[in-house]
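Here are some exercises to work through with the coordinates open in your viewer. Try each task before reading its solution.

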Amino acid sequence: MGGFLEIDHLAVRYGNISAVRGISLQVEEGRIVALLGANGAGKSSTLRAISGLVAPASGKIRFNGEDITGAAAEHIVRLGISHCPEGRQIFPDLTVMENLRIGAFTQKSRKKIGEQTEFCLNLFPQLADRKAQMAGTLSGGEQQMLAIARAIMPSPRLLILDEPSLGLAPLIVRDIFRMIRKINEMGTTVLIVEQNALQTLKVADYAYVLSLGTVIMESPAKKLLENSELVNAYLGKS
């Protein structure tokens, strides 16, 4: 039986540079799956191909049985995939609430938008206290919370997270990962790219390790976590 998300021999190129070299992986519904590896491994390019931000050079991407290879980003969002990019990319000159409403652009029902807004503010109470504040004046951790909240405003079936802990203090990182686990427990499948390998393996169900655009290892996260020598060799000490 195929996965909820299936990637089959995906290749991504930028001109003459091969960022992803024929990777295959599956994400089962309801799981947290991690893509791990050093800088330049092809992790973010894989995510961008899934969410329609770059066109694959070859290979297939299927979501819930539908071929979405090369589909428009807006169509992919409407199917139920939401991408929280590296670097947050919030709108700094808009308020917290305005950022959230932008995230709900695929929602037609005002009632649903209201319910999802309430869900996000309950999940991230720091944002509830700053609803009218300009997003650019938030702390780094609060901006990351806003980026994740905006990504879950469309009620995605699959949430894609690219380096959610990047540049954050350890206590904030712990909070972010706790929220990721909670989002998953409430029914959202999660695909996460992270350099913080050890923290990610503690919340993930399954992990793929990428190097130079290829999958060099895959394993249940718990087994990978138990192999500290392997984690240090391939992923560095996080």
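## Exercise 1: a pair of crossing helices

H3 and H6 cross in a right-handed sense. Keep in mind throughout that this is a predicted model.

**Task.** Describe how helix H3 (residues 96-103) packs against H6, and sort the contact residues by class.

**Solution.**
- Step 1. Start with the geometry: the axes of H3 and H6 lie 7 Å apart, and the packing angle is about 35°.
- Step 2. List the residues that touch. H3 contributes Val 96, Asn 99, Leu 100 and Gly 103, while Leu 146, Ala 149 and Arg 150 come from H6.
- Step 3. Sort them: the contact of H3 with H6 holds four nonpolar, two polar and one charged residues.
- Step 4. For the spacing of such residues, recall that an α-helix has 3.6 residues a turn, so residues three or four places apart point the same way.

## Exercise 2: a second partner for H6

**Task.** Find out whether H6 (residues 140-152) and H7 (residues 170-185) are roughly parallel or roughly antiparallel, and say which residues meet.

**Solution.**
- Step 1. Take the axes: those of H6 and H7 come within 10 Å and cross at roughly 15°.
- Step 2. Angles under 35 degrees count as roughly parallel, and therefore H6 is roughly parallel to H7.
- Step 3. Add the handedness: H6 and H7 make a right-handed crossing.
- Step 4. Name the residues. On the H6 side they are Gly 141, Gln 144, Met 145, Ile 148 and Ile 152; these meet Ile 172, Ile 176 and Ile 183 of H7.
- Step 5. Count by class: the contact of H6 with H7 has six nonpolar residues, two polar ones and no charged ones.

## Exercise 3: the sheet and the helix on it

**Task.** Trace the strand order of the sheet, then place H1 on the sheet.

**Solution.**
- Step 1. Write down the order: four strands make an open sheet, S2-S1-S4-S5, with antiparallel pairing.
- Step 2. Mark the edges. S2 and strand S5 (66-67) are the edge strands, each pairing on one side only.
- Step 3. Bring in H1: this helix packs on the sheet, touching S1, S2 and strand S4 (58-63), and its direction makes about 115° with that of S1.
- Step 4. Look at the pairing of S1 (residues 5-14) with S2 (residues 17-27), where eight bridges join the antiparallel strands. Glu 6 has Gln 26 in S2 as its bridge partner, and Leu 10 has Ile 23.
- Step 5. Inspect the turn: two residues lie between the strands of this hairpin, and Gly 15 has a positive phi near 65°.
- Step 6. Check how covered H1 (residues 43-50) is: seven of its eight residues are buried, namely Lys 43, Ser 44, Ser 45, Thr 46, Leu 47, Ala 49 and Ile 50. Gly 52, with a positive phi near 85°, follows H1.

## Exercise 4: two side chains to classify

**Task.** Decide whether Gln 116 is buried or exposed, and then classify Arg 174 too.

**Solution.**
- Step 1. Locate the residues: Gln 116 sits in helix H4 (residues 110-123), and Arg 174 in helix H7.
- Step 2. Gln 116 has a relative accessible area of 9%. Buried means under 20%, so Gln 116 is buried.
- Step 3. Find what Gln 116 touches: leaving out residues up to four places away in sequence, these are Ile 152, Met 153 and Ser 155.
- Step 4. Arg 174 has a relative accessible area of 46%, and so is partly exposed.
- Step 5. Finish with a distance: 20 Å separates the C-alpha atoms of Arg 174 and Asp 129, which are 45 residues apart along the chain.

Note on methods:
Residues are numbered from 1 along each chain as its sequence is written. This is a predicted model: local features need pLDDT of at least 70, side-chain atom pairs count only at pLDDT 80 or more; totals for chains, interfaces and linings use all residues. Side-chain values use heavy atoms; hydrogens and water are left out. Buried means under 20% relative accessible area, exposed over 50%, partly exposed in between (1.4 Å probe, protein chains only). Axes are lines fitted to C-alpha atoms, for helices over the stretch in contact, and angles run from 0 to 180 degrees between N-to-C directions. Angles under 35 degrees count as roughly parallel, over 145 as roughly antiparallel, 65 to 115 as roughly perpendicular and the rest as oblique. A crossing is left-handed if the near helix is turned anticlockwise from the far one by less than a right angle, and right-handed if clockwise. Contact means heavy atoms within 4.5 Å. Ala, Val, Leu, Ile, Met, Phe, Trp, Tyr, Cys and Pro count as nonpolar, Asp, Glu, Lys and Arg as charged, and the others, Gly among them, as polar. Two strands pair if DSSP finds at least two bridges between them.
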